[in-house]
Amino acid sequence: MGDRLLLYLRLIRLDKPIGSLLLLWPTLCALWFASDGTPAVSMIVIFTVGTVLMRSAGCAINDFADRDFDRYVA
């Protein structure tokens with residue numbers, strides 16, 4: 001069970017958080033601007049979780065779409 005979970009975590013790139021952080025910082029900056037500097041904690045949590053989930057979904061969909069192409073890449 002643990003090995004399978006690790007494979008899923010690698011599939012959605014949770015072992016490489018830089019992509020999520022690159023999406024998260026502009027999202028949180030926009031949230032701060034939109035709320036005049038005082039966003040609700042619930043909004044911060046919702047946007048943070050949403051950013052990580054969308055990046056993870058994008059990675060999984062990209063791997064699925066490129067599954068036949070990736071074997072030819074050196």
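This passage describes the helices, buried residues, loops, salt bridges and surface patch of a predicted model.

The description begins with the helices. Helix α1 covers residues 2–11, helix α2 covers residues 18–34, and helix α3 covers residues 41–65. The lengths of two of these helices were compared with the rise expected along a helix. Helix α3 has 25 residues, and at 1.5 Å a residue these should span 36 Å; the C-alpha atoms at its ends are 36 Å apart, so the expected and computed values agree. The same test was applied to α2, whose 17 residues should span 24 Å; its end C-alpha atoms are separated by 24 Å, which again agrees.

The packing of the helices was then examined through their buried residues. In α2 the buried residues are G19, S20, L24, L28 and L31, and these pack against α3. An α-helix has 3.6 residues a turn, so residues three or four places apart point the same way. L28 offers an example of a buried position in helix α2. Its relative accessible area is 11%, and the residue is therefore classed as buried, the cut-off being under 20%. When residues up to four places away in sequence are set aside, L28 touches I44 and T48. The C-alpha atom of L28 also lies 9.8 Å from that of T51, although the two residues are 23 apart along the chain.

In α3 the buried residues are T51, R55, S56 and C59. The elements that cover them include α1 and α2. One of these residues, S56 of helix α3, has a relative accessible area of 6% and is therefore buried. With residues up to four places away in sequence left out, S56 is in contact with I12 and L14.

The loops contain two residues with notable backbone angles. R13 is placed in the loop between α1 and α2, and its phi is near 60°, a positive value in a residue other than glycine. D36 lies in the loop between α2 and α3; it is not a glycine either, yet its phi is positive, at about 55°. The exposure of these residues was also computed. R13 is partly exposed, with a relative accessible area of 21%, whereas D36 is exposed, with a value of 72%.

Side chains of opposite charge can pair when their charged atoms come close. Two salt bridges are present in the structure. In one, the side chains of D63 and R13 meet at 2.8 Å, N to O. This pair links distant parts of the chain, since D63 belongs to helix α3 and R13 to the loop between α1 and α2, 50 residues apart. D63 counts as partly exposed, at 22% relative accessibility, and R13 likewise counts as partly exposed, at 21%. In the other salt bridge, the side chains of R71 and D68 meet at 3.1 Å, N to O. R71 counts as exposed because its relative accessibility is 58%, where exposed means over 50%. D68, at 45%, counts as partly exposed.

Finally, the surface was considered. L5, L6, L9 and L14 make a nonpolar surface patch of about 340 Å². Of these residues, L5 is found in helix α1, while L14 is also one of the residues touched by the buried S56 of α3.

Notes: Residues are numbered from 1 along each chain as its sequence is written. This is a predicted model: local features need pLDDT of at least 70, side-chain atom pairs count only at pLDDT 80 or more; totals for chains, interfaces and linings use all residues. Side-chain values use heavy atoms; hydrogens and water are left out. Patches are made of residues with over 30% relative accessible area and no salt bridge: like charges are joined within 9 Å, nonpolar side chains (Val, Leu, Ile, Met, Phe, Trp, Tyr) within 5 Å. Accessible areas come from the Shrake-Rupley method with a 1.4 Å probe; for residues, only the protein chains shown count as cover. A salt bridge is a side-chain nitrogen of Lys or Arg within 4 Å of a carboxyl oxygen of Asp or Glu. Helices (H or I, at least four residues) and strands (E, at least two) are DSSP runs, numbered from the N terminus. The expected span of a helix is 1.5 Å times one less than its number of residues. Buried means under 20% relative accessible area, exposed over 50%, partly exposed in between (1.4 Å probe, protein chains only). Contact means heavy atoms within 4.5 Å.
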